[in-house]
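Subject: A structure for you to look at

Hi,

Here is the structure I promised to pass on. Have it open next to this email while you read, and I'll walk you through what turned up.

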Amino acid sequence: MEFNLLGRFEMVADDGRSYLLTRSKISQLLGVLLAHNGETVSTGTLIAEIWGEKVPRSALTTLQTYVYHARKMFTSMGIDSNLLITRPCGYTIQAAPDAIDLNRFELHVQQARKALEDARPDRALEFVEQAFRLWRGPMLAGMMTGAVLDAAITYLDELRFSATELHIEAGQRLGRHQELVPQLRMLVAQNPLNESLHAQLIKALHKCGRRAEALQSYRRLWQVLDTELGVEPAPELQRLQHELLDLGAARRGARRGGTPVSPQ
């Protein structure tokens, strides 16, 4: 059995049959429990997710009814209803970690980070690409969500962005600078205040021999930061700019002296 939350909420039975869950309150209940697989989620947390600030007097009884129907749905799909466990203060789903796509996504990101630490950018790239293949769209796309699931979605979006940064770092280490430039330009446009992405774009352009474009990218960043925040780029980026300017000056001096300068 598989539970897929990275996209439309989908459950895939062992026989391959796929079930898309609707916007019902039962879907919210299961979404919270699966996002916290193996943990006891309190009834208060589940009630807050499903009803927000407009909690009816019958919330606890209605929540118990949703649990009952969730178990019935599991049985109809050939899933052991005992997967959903009642605890003294809440409920737990005890699914195998690899049965939930977001758990597999987290694992692949961890593996990619470890591979980079071990100086294995090729393996890091493989793990990140495996992680990205799990995404079928925004987490729990098309489903009503409350504060609890919104927090889980925010966390997964941040983790996905971290995976993107790992992908870029691995590509840089493998010398795939030219391939990374279009992706980095798009990411910089989407995240204009993210200095780390700007630094990666400037480095990639420099490694491709496009020093003028690299300096132009730095100037754009400087303008954005000055206009939006009234600050200058971080010291690391300023040092990178100076290195590019010094390199240009050295090349001009070498040409005047008649000494050829090999491209970097």
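Let's start in the sheet: which residue in β6 does I85 stand opposite? Spin the view around and have a go before reading on. It's T92. Keep in mind that you're looking at a predicted model.

Now for the strands around that pair. β5 and β6 (residues 90–93) run antiparallel, with 4 bridges joining them. Zoom out a little and you'll find an open sheet of 3 strands, ordered β4-β6-β5, with antiparallel pairing. β4 (41–42) and β5 (84–87) are the edge strands: each has a single partner, so one side of each has no neighbour in the sheet. There's a helix here too: α3 (residues 59–76) packs on the sheet and touches both β5 and β6. The direction of α3 makes about 150 degrees with that of β5.

Next, the charged side chains. As a bit of background, side chains of opposite charge can pair when their charged atoms come close. In this model the count comes to 9 salt bridges, and I've picked out a few for you.

Begin with R185 and E213, whose closest N and O atoms are 2.7 Å apart in a salt bridge. R185 belongs to helix α7 (residues 177–190) and E213 to helix α9 (residues 211–228), so this pair ties together parts that lie 28 residues apart in sequence.

E213 has another partner as well: R210 forms a salt bridge with E213, and there the closest N and O atoms are 3.0 Å apart. That gives you a network of salt bridges linking R185, R210 and E213.

Are these residues buried or partly exposed? R185 has a relative accessibility of 32%, so it counts as partly exposed. E213 is partly exposed too, at 28%, and so is R210, at 23%. The cut-off for buried is under 20%.

One more pair to find: the side chains of E236 and K203 meet in a salt bridge, at 3.5 Å from N to O. This one links distant parts of the chain, with E236 in helix α10 (residues 235–257) and K203 in helix α8 (residues 195–207), 33 residues apart. Both ends are partly exposed: E236 has a relative accessible area of 44%, and K203 has 32%.

Have fun clicking through it, and shout if you get lost!

Cheers

Notes. Residues are numbered from 1 along each chain as its sequence is written. This is a predicted model: local features need pLDDT of at least 70, side-chain atom pairs count only at pLDDT 80 or more; totals for chains, interfaces and linings use all residues. Side-chain values use heavy atoms; hydrogens and water are left out. Two strands pair if DSSP finds at least two bridges between them. Helices (H or I, at least four residues) and strands (E, at least two) are DSSP runs, numbered from the N terminus. Contact means heavy atoms within 4.5 Å. Axes are lines fitted to C-alpha atoms, for helices over the stretch in contact, and angles run from 0 to 180 degrees between N-to-C directions. A salt bridge is a side-chain nitrogen of Lys or Arg within 4 Å of a carboxyl oxygen of Asp or Glu. Buried means under 20% relative accessible area, exposed over 50%, partly exposed in between (1.4 Å probe, protein chains only).
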